[in-house]
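This briefing introduces one protein chain to a reader who has not met it before. Please look over the sequence and the model shown below before turning to the points that follow.

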Amino acid sequence: FSNEKEEIFWGELEIVLDYFLNANYLRYTILDRDEIGDLVKAVFNLDNFSVNRTSESLFLQSGMSSYLKPIWIERNGERKILNKTREEIAEEQNVVRVEKEFKKSNKRRKKSKYVKKVVEEQEIDLFGDEGNDNDDDEISLF
């Protein structure tokens, strides 16, 4: 077992630390984990970073016609959903299709009920003499 890699690391770290010690500083602070994260976000402009735009432009540059969409991101244990999965999209489309079919069938039922009612009603000719053999019949409207 050799510690050459570890020795190389510590040797290079000593050189870097020597440069830091020889520099002139107005002030310095020691950052905790959250402050280091905030510093990295500020330096690399991660606050305005869009995963969707970046992946889209990256895949367009590579010449691919389709690309992967991130479904969610996780930060500090909290998940933020960016896009729906294929299964969720298919389920949503299925629900919309079933609702449309149900509405169409309801319209058909209403139309068929109306037609049946009209057909079942009998038409009465109040003023005509056709088909009326008995002239003595009186029709009372009140």
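The protein chain contains four helices and two strands. In sequence order, these elements follow the pattern α-α-α-β-β-α. The model is a predicted one.

**Overall character of the chain**

- Of the 142 residues in the protein chain, 4% are buried.
- The accessible surface of the protein chain amounts to about 15,100 Å². Carbon and sulfur atoms account for 53% of that surface.
- When contacts between residues at least 6 apart in sequence are considered, 6% of them link residues at least 24 apart.

**The negative surface patch**

- Asp32, Asp34, Glu35, Asp38 and Asp47 together form a negative patch on the surface.
- One of these residues, glutamate 35, belongs to helix α2, which covers residues 33-44.
- Glutamate 35 has a relative accessibility of 38%. It is therefore classed as partly exposed, because that category lies between the limits of 20% and 50%.

**The positive surface patch**

- A patch of positive charge on the surface is made up of Lys100, Lys103, Lys104, Lys107 and Arg108.
- Arginine 108, a member of this patch, is located in helix α4, which spans residues 86-120.
- The relative accessibility of arginine 108 is 59%, so this residue counts as exposed, the cut-off being over 50%.

**Two asparagines with positive phi**

- Asparagine 45 is not a glycine, yet its phi is positive, at about 55°.
- The position of asparagine 45 is in the loop that connects α2 with α3 (51-61).
- With a relative accessible area of 45%, asparagine 45 is partly exposed.
- Asparagine 76 likewise has a positive phi of about 55° without being a glycine.
- Asparagine 76 sits in the loop that joins β1 (72-75) to β2 (78-81).
- The relative accessible area of asparagine 76 is 75%, and this residue is therefore exposed.

**Points to locate in the model**

- Which residues form the negative surface patch? They are Asp32, Asp34, Glu35, Asp38 and Asp47.
- Where does asparagine 76 lie? Its place is the loop between β1 and β2.
- Is arginine 108 buried or exposed? At 59% relative accessibility, arginine 108 is exposed.

Methods:
Residues are numbered from 1 along each chain as its sequence is written. This is a predicted model: local features need pLDDT of at least 70, side-chain atom pairs count only at pLDDT 80 or more; totals for chains, interfaces and linings use all residues. Side-chain values use heavy atoms; hydrogens and water are left out. Buried means under 20% relative accessible area, exposed over 50%, partly exposed in between (1.4 Å probe, protein chains only). Contact means heavy atoms within 4.5 Å. Accessible areas come from the Shrake-Rupley method with a 1.4 Å probe; for residues, only the protein chains shown count as cover. Patches are made of residues with over 30% relative accessible area and no salt bridge: like charges are joined within 9 Å, nonpolar side chains (Val, Leu, Ile, Met, Phe, Trp, Tyr) within 5 Å. A salt bridge is a side-chain nitrogen of Lys or Arg within 4 Å of a carboxyl oxygen of Asp or Glu. Lys and Arg count as positive and Asp and Glu as negative; His and the chain ends are not counted. The place of a charge is taken as NZ of Lys, CZ of Arg, CG of Asp or CD of Glu.
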